[in-house]
Amino acid sequence: MNYKICIIGQGIVGFDLAKLFSKKYPTIGYDICNETIDNIKSKDTFTKKKSNSLTDLYVTSNENDIKDCDVYIITVPTPIDKYKKPDLGPLSLATSTVAKMLSKKNIVIYESTFYPGLTNDYCIPMLENRSKMQVNKDFYVGYSPERINIGGVTEKRANDIIKITSGSNKQAGQMINELYKSVIKAGTHLVKNIKIAESAKMLENCQRDVNIALINEFKKTFDKLNIDTLSVLEAASTKWNFIDFEPGLVGGDCIRIDPYYMIYKSKLSKSSSKLIESAREIN
């Protein structure tokens with residue numbers, strides 16, 4: 001594989017991934033925010049120069065610099081609006097940008113948090129319409145959810161975590177899996193289709209939110225009963241299969257936002273998400 005890779009979005013996730021890929025492939029980190037790029041250049045010696053060296057990363061906010069890449073990996077935020085519904089503005093802008101750049105045999109991979117079906121129902125039609133090309137015939141698409149944890153007690157970066165991979169068809173899945181496998185020390189897990197990969201990310205984050213909500217609910221009752229919650233957790237943890245969570249706030253950009261994507265999709269599909277909704281209300 002002799003890919004030239006572009007990472008769209010240079011926040012914590014995108015920049016971490018760009019540095020990892022640049023150890024093996026020519027890599028460009030792109031972000032529309034000039035301030036983000038300037039901050040990276042001023043603080044990180046890894047990006048001080050533009051070079052063809054495989055150990056150097058070039059970051060830019062100039063759209064013209066990301067033409068002629070082979071792989072585009074999109075790591076932009078997927079926030080919620082004031083009504084707690086998905087705000088797909090950043091995703092739409094990134095997808096439109098990539099669509100203008102697409103060439104035959106390119107691969108587009110999404111790492112942003114999606115509800116099941118978002119890649120197939122929203123992103124791929126936009127790529128096809130704006131590029132005038134057809135998925136699986138002219139280009140390929142994949143989904144590989146980010147799982148990093150930077151700044152926490154158990155810090156884990158892209159290289160430390162098994163990477164879920166998927167593709168728009170079997171060939172795409174295999175190519176994308178081999179690409180990530182070539183740089184990620186922890187290895188990869190290729191799933192049958194994109195919806196499974198999207199759903200796994202949703203389940204991971206919603207499960208954590210629900211577990212924390214359970215402990216928070218217990219703590220509210222324990223406080224009224226004058227019972228020490230941490231002592232209860234210590235005692236319960238002596239059972240081999242007890243899952244230990246501590247009470248407290250749910251922070252970060254993932255757990256406090258991602259469940260609303262699943263709630264939104266559940267309502268669209270006329271399904272129930274009462275437990276997820278309750279966890280959000282508690283937390």
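Helix α1 (residues 12–21) gives the largest share of the lining of the largest cavity, with 3 residues. Keep in mind that we're looking at a predicted model here. Besides that cavity, there's a sheet of 6 strands to get to know, plus a helix, α5, that lies across part of the sheet.

**The cavity**

- If you go looking for cavities of 30 Å³ or more, you'll find 1 in this structure.
- The largest cavity holds about 70 Å³ of space.
- Its lining is a mix by class: 6 nonpolar residues and 5 charged ones, with no polar residues.
- Residues lining the largest cavity include Val 13, Asp 16 and Leu 17.
- Further along the chain, Glu 111, Pro 145, Glu 146, Arg 147 and Ile 148 are also among the lining residues, and so are Ala 158, Ile 161 and Lys 163.

**The sheet**

- Read across the open sheet and the strand order is β3-β2-β1-β4-β5-β6, with parallel pairing.
- Strands β3 (57–60) and β6 (140–143) sit at the edges with a single partner strand each, so one side of each has no neighbour in the sheet.
- On average, neighbouring strands of this sheet are turned by 20 degrees against each other, ignoring direction.
- Want a pair to zoom in on? Strand β2 (residues 27–30) pairs with β3 in the parallel sense over 4 bridges.
- In that pairing, Ile 28 has Tyr 58 in β3 as its bridge partner.

**The helix across the sheet**

- Helix α5 (residues 170–181) lies across four strands: β1 (5–8), β4 (71–74), β5 (107–110) and β6.
- Compared with β6, helix α5 runs at about 60 degrees.

How values were computed: Residues numbered from 1 in each chain as written. Predicted model: local features only at pLDDT ≥ 70, side-chain atom pairs only at ≥ 80, totals over all residues. Heavy atoms only, no water. 1 Å grid on protein atoms, 1.4 Å probe; cavity = no way out; pocket = protein on both sides within 12 Å on 5 of 7 lines; lining within 4 Å. Points joined across faces, edges and corners; volume = space filled by probe spheres on them. Helix = DSSP H or I, 4+ residues; strand = E, 2+ residues; numbered from the N terminus. Nonpolar A, V, L, I, M, F, W, Y, C, P; charged D, E, K, R; others polar. Pairing = 2+ DSSP bridges. Axes fitted to C-alpha atoms, helices over the stretch in contact; angles between N-to-C directions. Contact = heavy atoms within 4.5 Å.
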